[in-house]
Amino acid sequence: SRQRVTLDGEPLEIERKRYYALNKPRGVVCTNRDPAGRPRVIDLFAGDGPRLFPVGRLDAESEGLIIVTNDGDLAQKLAHPRYRIYRTYHVHVAGVPNRPTLDRLKAGEHFAEGKFRVHAAKIIKKQGESSFIEVVLTEGQNREVRRLFARVGHKVMRLKRGAFGPIQLGRLSRGEARPLTP
């Protein structure tokens, strides 16, 4: 970014890095190409800017914070498990898990892709025959939270990511994005 780079004598323009926090609505997919034609995260941004892509994924039925950028190096560091970037989710589940069940989520369960486990899980509120649980992960496998809770007998009714590392969802409305500052 500090050097002048030319190709056949013409200067190349370096694309400025862009970073956004987006409140992904349910029904929107985190892919740049969807043959089914479903609404995509990148469709929520103006088409005249740089090529953007989401960091990691939230399944179509999940909502909440997703980082969107054109910085591939940062995206790799944020998504790779080696860097242990915590992701915080608010999960509404059927039933009220007891302490041994929450401990079982922390110990982990074996799936075809390997062992899934939560870093932390605590009940925030009980509501009738359901509960709201805060879950912290250090990596995000495909539908990991939903699959873990199903394995321990609690169907996920709603899942929302509230934080990705130090970045909080805050008061962003569904479908709204805000630029991130350094």
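Salt bridges come to a count of 11 in this chain, whose structure is a predicted model. The chain has 3 helices and 13 strands, and its C-alpha atoms fill a box of roughly 65 × 35 × 30 Å along the principal axes. Of its 182 residues, 38% are buried, and the largest nonpolar core has 28 residues.

**Salt bridges**

- Side chains of opposite charge can pair when their charged atoms come close.
- One such pair is formed by Arg174 and Glu63, whose side chains meet with an N to O distance of 3.1 Å. Arg174 lies in the loop between strand E12 (167–168) and strand E13 (177–179), whereas Glu63 belongs to strand E5, so this salt bridge ties together parts that are 111 residues apart in sequence.
- The two partners of that pair are classed at opposite ends of the accessibility scale: Arg174 is exposed, with a relative accessible area of 55%, while Glu63 is buried, with a relative accessible area of 1%.
- Arg151 forms a salt bridge with Glu109, and the closest N and O atoms of this pair are 3.4 Å apart. Because Arg151 lies in helix H3 and Glu109 in strand E7 (residues 109–111), the pair ties together parts that are 42 residues apart in sequence.
- Here Arg151 is partly exposed, with a relative accessible area of 36%, whereas Glu109 is buried, with a relative accessible area of 11%.
- Salt bridges that share partners join Asp59, Arg143 and Arg146 into one network.
- Asp43 forms a salt bridge with Arg40, with 2.7 Å between the closest N and O atoms. Asp43 is partly exposed at a relative accessible area of 42%, and Arg40 also counts as partly exposed, at 22% relative accessibility.

**Nonpolar cores**

- Within the largest nonpolar core, which has 28 residues, those with the most contacts inside it are Val68, Val91, Val135 and Phe149.
- At least two residues of this core are supplied by each of the following elements: strand E3 (19–24), strand E5 (63–69), strand E6 (87–94), helix H2 (99–107), strand E10 (130–137), helix H3 (144–151) and strand E11 (156–164).
- A second, separate core of 11 residues includes Ala21, Phe53, Val55 and Leu172.
- Val68, leaving aside its neighbours within four places in sequence, is in contact with Arg18, Tyr19, Tyr20, Leu22, Val41, Phe45, Leu52, Phe53 and Pro54. Phe53, one of these contacts of Val68, is also included in the second core.

**Helix H2 and the turn after it**

- Thr101, Leu102 and Leu105 are buried in H2. These residues cover an arc of only 100° around the axis, which puts them on the same side of H2.
- The buried residues of H2 pack against strand E9 (120–127) and H3.
- Gly108 follows H2 and has a positive phi, near 105°.

**Phe132 in strand E10**

- Phe132 lies in strand E10, and it counts as partly exposed, at 26% relative accessibility.
- Not counting residues up to four places away in sequence, Phe132 touches Val91, His92, Lys122, Ile123, Ile124, Lys125 and Gln127. Val91, one of the residues touched by Phe132, is also among the residues with the most contacts inside the largest nonpolar core.
- Phe132 and Ile167 are 35 residues apart along the chain, and their C-alpha atoms are separated by 21 Å.

**Surface and overall contacts**

- Val5, Leu7 and Leu12 make a nonpolar surface patch of about 260 Å². Leu12 is found in the loop between strand E2 (10–11) and E3, and at 44% relative accessibility this residue counts as partly exposed.
- The chain exposes about 11000 Å², of which carbon and sulfur atoms supply 48%.
- Among the contacts in the chain with a separation of 6 or more, residues 24 or more positions apart account for 64%.

Definitions and conventions:
Residues numbered from 1 in each chain as written. Predicted model: local features only at pLDDT ≥ 70, side-chain atom pairs only at ≥ 80, totals over all residues. Heavy atoms only, no water. Core = buried A, V, L, I, M, F, W, Y, C linked by side-chain atoms within 4.5 Å. Buried < 20%, exposed > 50% of the residue type's maximum accessible area, 1.4 Å probe, protein only. Helix = DSSP H or I, 4+ residues; strand = E, 2+ residues; numbered from the N terminus. Contact = heavy atoms within 4.5 Å. Patch = residues over 30% accessible without salt bridge, like charges linked within 9 Å, V, L, I, M, F, W, Y side chains within 5 Å. Areas by Shrake-Rupley, 256 points an atom, 1.4 Å probe, with all protein chains shown as cover. Salt bridge = Lys/Arg side-chain N within 4 Å of Asp/Glu carboxyl O. Arc of directions from axis to C-beta.
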